[in-house]
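Reader: I should be grateful for a close look at a single part of this model, set out step by step and placed within its surroundings.

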Amino acid sequence: VLAAHRLPAPVAGWAMNLPADPLALRELRRRLRDWLRDLGVSLSDRTDVELAVWEAAVNAIEHGRPVAGPATVTVRAGLDMAGRAVIQVSDRGRWRPPGPPDPGRKWPGGQGLMVISQAADELDIAPGPQGTTVTLCRRLSRPATGQAEPGE
């Protein structure tokens, strides 16, 4: 008896540059969601990865402004040899440690790195003279065959 199973076509990684503008995060979320959906990733993993990448991008927008030139954020997403999602969020600014809380701020803030570390299996922050790169890795699970996910 010979059995065959057709594997889905591999899903390529992707990259995008976006302006350091919170409105640009909509397109980032859409692209990331589509990529993870194409991979067949479970809803819980998609939600966690999307949140972690969004938090990293918000941090890059808020804290990664260069001294001169346009403020941009670059996001690269792909799979490593073990099938984990590896996503890098880079800015062109300089790493600045958190300052004192802004009394005019309507939300506390300062929890982004904690959220990312909870949603990712690995987190690396590499500040440098050309900017800061946050790399997060997450093992991905797939839903069981035949199970419908809520809302899908």
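Author: A convenient place to begin is a pair of facing residues: proline 19 stands opposite threonine 72 of strand β2. The model is a predicted one, and the strands around this pair can be described in turn.

Proline 19 belongs to strand β1, which covers residues 14-19. Strand β1 is joined by six bridges to β2 (residues 72-79), and the two strands run antiparallel. The side chains of β1 alternate along the strand. Those of Trp14, Met16 and Leu18 point to one face and are buried, whereas those of Ala15, Asn17 and Pro19 point to the other face and are not buried.

Within β2, threonine 74 deserves attention. Its relative accessibility is 15%, and because buried means under 20%, threonine 74 counts as buried. The side chain of threonine 74 makes a polar contact, at 2.5 Å, with the side chain of asparagine 17. Asparagine 17 is one of the β1 residues whose side chains are not buried. When neighbours within four places in sequence are set aside, threonine 74 is in contact with Met16 and Asn17, and also with Gln88, Val89 and Ser90. Met16 and Asn17 lie in β1 and point to opposite faces of that strand, while residues 85-91 form strand β3.

Strands β2 and β3 are also among the elements that cover the buried residues of helix α2, together with α1 (25-39), α3 and β5 (131-138). The buried residues of α2 include Val49, Val53 and Ile61, but also the residues Asp45, Arg46, Glu50 and Glu55. Helix α2 comprises 21 residues, 43-63; at 1.5 Å a residue it should span 30 Å, and its end C-alpha atoms are indeed 30 Å apart, so the two values agree.

Helix α3 is covered in its turn: α2, β4 (122-128) and β5 are among the elements over its buried residues. Those buried residues are Gly112, Ile116 and Ala119. Seen down the helix axis, they fall within an arc of 70 degrees, and therefore they line one face of α3.

A word on confidence is in order. The chain has a mean pLDDT of 82, with 77% of its residues at 70 or more. Strand β3, which holds residues 85-91, has the highest confidence, at a mean of 95, whereas helix α3 (residues 112-119) has the lowest, at 88. Over residues 144-152 the pLDDT is below 50, and this stretch has eight contacts in the model beyond near neighbours in sequence.

Notes: Residues numbered from 1 in each chain as written. Predicted model: local features only at pLDDT ≥ 70, side-chain atom pairs only at ≥ 80, totals over all residues. Heavy atoms only, no water. pLDDT = per-residue confidence, 0-100. Helix = DSSP H or I, 4+ residues; strand = E, 2+ residues; numbered from the N terminus. Contact = heavy atoms within 4.5 Å. Buried < 20%, exposed > 50% of the residue type's maximum accessible area, 1.4 Å probe, protein only. Pairing = 2+ DSSP bridges. Expected span 1.5 Å × (residues − 1). Arc of directions from axis to C-beta. Polar contact = N/O pair within 3.5 Å; in protein donor to acceptor, adjacent residues only side chain to side chain.
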